[in-house]
Amino acid sequence: MANQRDPHKRPSPDALLEAARRETDRSGRLKIFIGAAPGVGKTYEMLSSAHARLKAGVDVVVGVVETHGRAETEALLKGLEVIPRKRLSYQTLEEMDLDALIARRPQLALVDELAHTNAPGSRHPKRYLDVEELLSHGIDVYTAINIQHIESLNDVVAQITHVRVRETVPDSVVDRADAIELIDLTPDDLIQRLKEGKVYVPKQAERALEHYFSPGNLTALRELALRRTAERVDEQLLNHMQANAIQGPWAAGERILVCLSEDPRAAGLVRYTKRLADRLHAQWTAVSIETRRSLQLTDEQRDRLADTMRLAESLGGEALTLPGVGRRIADDVINFAQANNVTQIIIGKSTRSRWFELTHGSVVHDLVRRAGNISVNVIAGDELPVGKAAVQTAQRQEPFKPQPYLMALLLTAIGLGAAKLIQPFFGIENVDLVFITAVVGAAARYGLWPSLLASVAASLCYNFFFLPPVYTFTITDPTNVAAFFFFMLIALIVSNVAARVRTQADTAIGRVRTTESLYAFSRKLAGTATLDDVLWATAYQIALMLKVRVVLLLPEGGMLTVKSGYPPEDQLDQADLAAANWAWGNDRPAGRGSDTLPGGKRLFLPMRTGRGPIGVIGIDDDRTGPLLTPDQRRLLDALVDQGALAIERVLLVEDMDRVKRTVESDRLRGALLTSISHDLKTPLASVLGSASALRDLEANLSDAQKHDLLATVIDESERLNRFIANLLDMTKLESGAIVPNTARHDIGEIVGSALRRAAKILVHHRVSLELAADLPMLELDAVLFEQVLFNLLDNAAKYAPSDTTISIRGSRERGAVALQILDEGNGIPAAELESVFDKFYRAEKGDHVRPGTGLGLAISRGFVEAMHGTIAAANRSDRSGAVITIRLPIPADTNALDTAA
């Protein structure tokens, strides 16, 4: 048992390619320590393994390790080189210094908490992306993760613990790992560690014990971790066996295979296999072996087999149809089972007579004898329906064509002529080979029955023209009797074999063409982004491949509506519409050839995905009776499934866009209400208060007090006017109503006008103006650009402290003029450099929010882009503060004049 390799078995090409890829891959190796919950000791085990590697001479460096104050874990950090963390410039947060770690280039890096979300300003938003970059530089990585952070298990964990974990890692990262080590701890031991304060601080530990760390939760999480790790290990085991051509099974885990045929009891076998797989928590596969006999099945049998395979898929199994390549079906089943580490085979009990099994063989007996270590379960099964609504299928009626038979006789006649020509030279011994050639040619070109006719005709010609006495069918020599008998036998066998090969070749060619059409259809659907294109492509492809007329109906406003068709169809009559609505409401076929409303013109089938029905497809043609053969029905199912998935994808995208628009509208509405309720109400209250004081207290006020109140009224009115103007400008921008009225202007004049207009706003700041002398005239809308500068100056005055300098600098760059507004405030956080141009966005500094609607910069960007310029925000490099840079293109003729000069 030490070596189970069969010299006649070949390794799996896919497994060999995967092994070769791993050997030639120069990227680092990833090992993940997985635990069921925090506190099981993932980081401790990772550090212990790192110390073992360090003693073995491996260069080990700690990129980031979170000890959470656990003394035993902190002790393991001693003796390991730790890369200092990188402190972000604008916050007190620290993150792993990825650049320093790559520059240090150790053999092994320790990166804890794989699912961690990096702080804003980091190169990657997630830590697992940092790990992928380390691996790409050839650095091995040890990392740790809890089972609840794996994306596919996030919902399951949330249902168990009632806690939704926000930080997740894609399953592809876990599947990509070269090694996975499960750190397991019993719930009692983990709870004891929690009580001892080895996981959380006391108060936090008490809350955790009451909620997340209950024994039931921990047991469920532990099972999830064990199963997820087992799945990965099982996949690695299977790849190893396939790459080394090792025959299974290695019963490290259960894998079940059920053998299906056209037998009515096959559906019962599928249901039994599903129940067994659920009890064993095992993967299972349904297999149908396609042989020459499969081509002779009736339409009812082929349809039943297809329905059974679809039942297996719907119950969670993998359904496969395998070509028969061995002498016996049992050989093909055993070969597949050994290649895929199957531990149990389910097969139905044979109902054939003992005499039939003796003469034709028994698949059940062959499986039992050849299975080796694989268990074979022979199940009687019940004759249960598959459960699909009955739709009558059209019988494949192929009209009799005499041409193949005439051509087979012609080939025989040609062979007879050739035999007569070569007989004087080669003798009668070689004549039979000429006739065999004619028979093989007829079988290869025209199939079984014409070749059988050619065999009979060739045998008679061989007897009549070549066996003495010639020109009679009488045979006097016993030797010639044997020759005639074996000639006829060989002719029949050769014609049968050649015809079988031709049939298999035709079937394979037809399957390849169908597969190519389905692949092309799937690629076409993948490239379509709108619902109309998907519907048109689906209708056209079905009509093209099945030679039928197609209509597609989708629900709209609670009613089914024709959305597409080929040839184009806009409406249906009442009978067809009733059948379509019944099919939609009951999720079952209706109309022509079905059990419901069979007198309809069209057959309507529901289009469904995993989320349920999404529409209805209707088909018809000019013939009478049922529309589709079983093969066409299966092809239609495949086309409809692909179309339904594409329709669902487009609808989901539209739903997401609609939700985004709704959220954006709600956000804008809330921001607008906030602005109106505060920033517009505040100056209005000041105006009303000052005006009321002037009216009611005029006699008691001095001239200076009256002057101050009037100034307040004017200032607050101007502020209110600016807010309203900003709202109107943003409305015009979004509606596309603003079209710049451009002309050649000196940018210095517009800057001066903006400074005069903003004089009151800048009264508490110094203004520095530095415009280069060689600035050319630009194509600008003077009014709009003045408003841009005014908004930028207003923004700088808000966020820069009093008595600081606001600088305006203009310079000429390659093909453009750059105008910068610089302040001496606290600057803009790096993560918000683009957000400052969003509508209603206002930076918050501590508990103070600056006045304004948050539209000034958004309007500025809209105006600048309308004049074909760009605007960007950054932080000053020479000192603290922000800088807004506007770049406007220099007109082409200006560049030409400068060059000529």
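These are my notebook entries on what I looked up in this predicted model.

**Entry 1: the whole chain**

I began with the overall picture. The secondary structure comes to 27 helices and 27 strands. The chain has 901 residues, and buried residues make up 43% of them. I then looked at contacts with a separation of 6 or more, and residues 24 or more positions apart account for 70% of these. For the surface, I noted that the chain exposes about 47,400 Å², with carbon and sulfur atoms supplying 55% of that area.

**Entry 2: an open sheet**

Next I wanted a sheet to follow by eye. In which order do the strands of the open six-stranded sheet lie? I read the order as β3-β2-β6-β7-β1-β8, and the pairing is parallel. At the edges stand β3 (81-82) and β8 (179-183); each has a single partner strand, so one side of each is left without a neighbour in the sheet.

I picked one pair from this sheet for a closer look. Strand β6 (residues 108-111) pairs with strand β7 (residues 140-146) in the parallel sense, over four bridges. If you want a spot to start from, find Leu108, whose bridge partner in β7 is Asp140.

Then I turned to helices that sit against the sheet. Helix α2 (residues 42-55) packs on it and touches β1 (30-35), β2 (60-64), β6, β7 and β8. The direction of α2 makes about 165° with that of β7. Helix α5 (residues 127-136) lies across β1, β2, β6 and β7, and runs at about 180° to β6.

**Entry 3: salt bridges**

As a reminder to myself, side chains of opposite charge can pair when their charged atoms come close. I searched the whole structure and noted 28 salt bridges.

One of them brings me back to helix α5: Arg123 pairs with Glu133, and their closest N and O atoms are 2.9 Å apart. Arg123 belongs to the loop between β6 and α5, while Glu133 is in helix α5, 10 residues apart. Are the two partners buried or exposed? Arg123 is partly exposed at a relative accessible area of 44%, whereas Glu133 counts as buried at 17%.

My second pick was Asp622 with Arg549, where the closest N and O atoms are 3.0 Å apart. Asp622 is in the loop between β18 (612-620) and α22 (630-696), and Arg549 is in strand β14 (residues 549-556), so this pair ties together parts 73 residues apart in sequence. Asp622 counts as exposed, with 68% relative accessibility, and Arg549 as partly exposed, with 28%. Both residues also belong to a network of salt bridges that links Arg549, Asp576, Arg602, Asp620 and Asp622.

My third pick was Lys563 with Glu556, whose side chains meet in a salt bridge at 2.2 Å, N to O. Lys563 is partly exposed at 30%, and Glu556 is partly exposed at 44%.

**Entry 4: a hairpin**

I finished with β26 and β27. Which way do these two strands run, parallel or antiparallel? Strand β26 (residues 870-875) and strand β27 (residues 882-889) run antiparallel, and six bridges join them. Thr870 has Arg887 as its bridge partner in β27. The hairpin has six residues between its strands, and there I noted Gly881, which takes a positive phi near 140°.

Notes. Residues are numbered from 1 along each chain as its sequence is written. This is a predicted model: local features need pLDDT of at least 70, side-chain atom pairs count only at pLDDT 80 or more; totals for chains, interfaces and linings use all residues. Side-chain values use heavy atoms; hydrogens and water are left out. Two strands pair if DSSP finds at least two bridges between them. Buried means under 20% relative accessible area, exposed over 50%, partly exposed in between (1.4 Å probe, protein chains only). Contact means heavy atoms within 4.5 Å. Accessible areas come from the Shrake-Rupley method with a 1.4 Å probe; for residues, only the protein chains shown count as cover. Axes are lines fitted to C-alpha atoms, for helices over the stretch in contact, and angles run from 0 to 180 degrees between N-to-C directions. A salt bridge is a side-chain nitrogen of Lys or Arg within 4 Å of a carboxyl oxygen of Asp or Glu.
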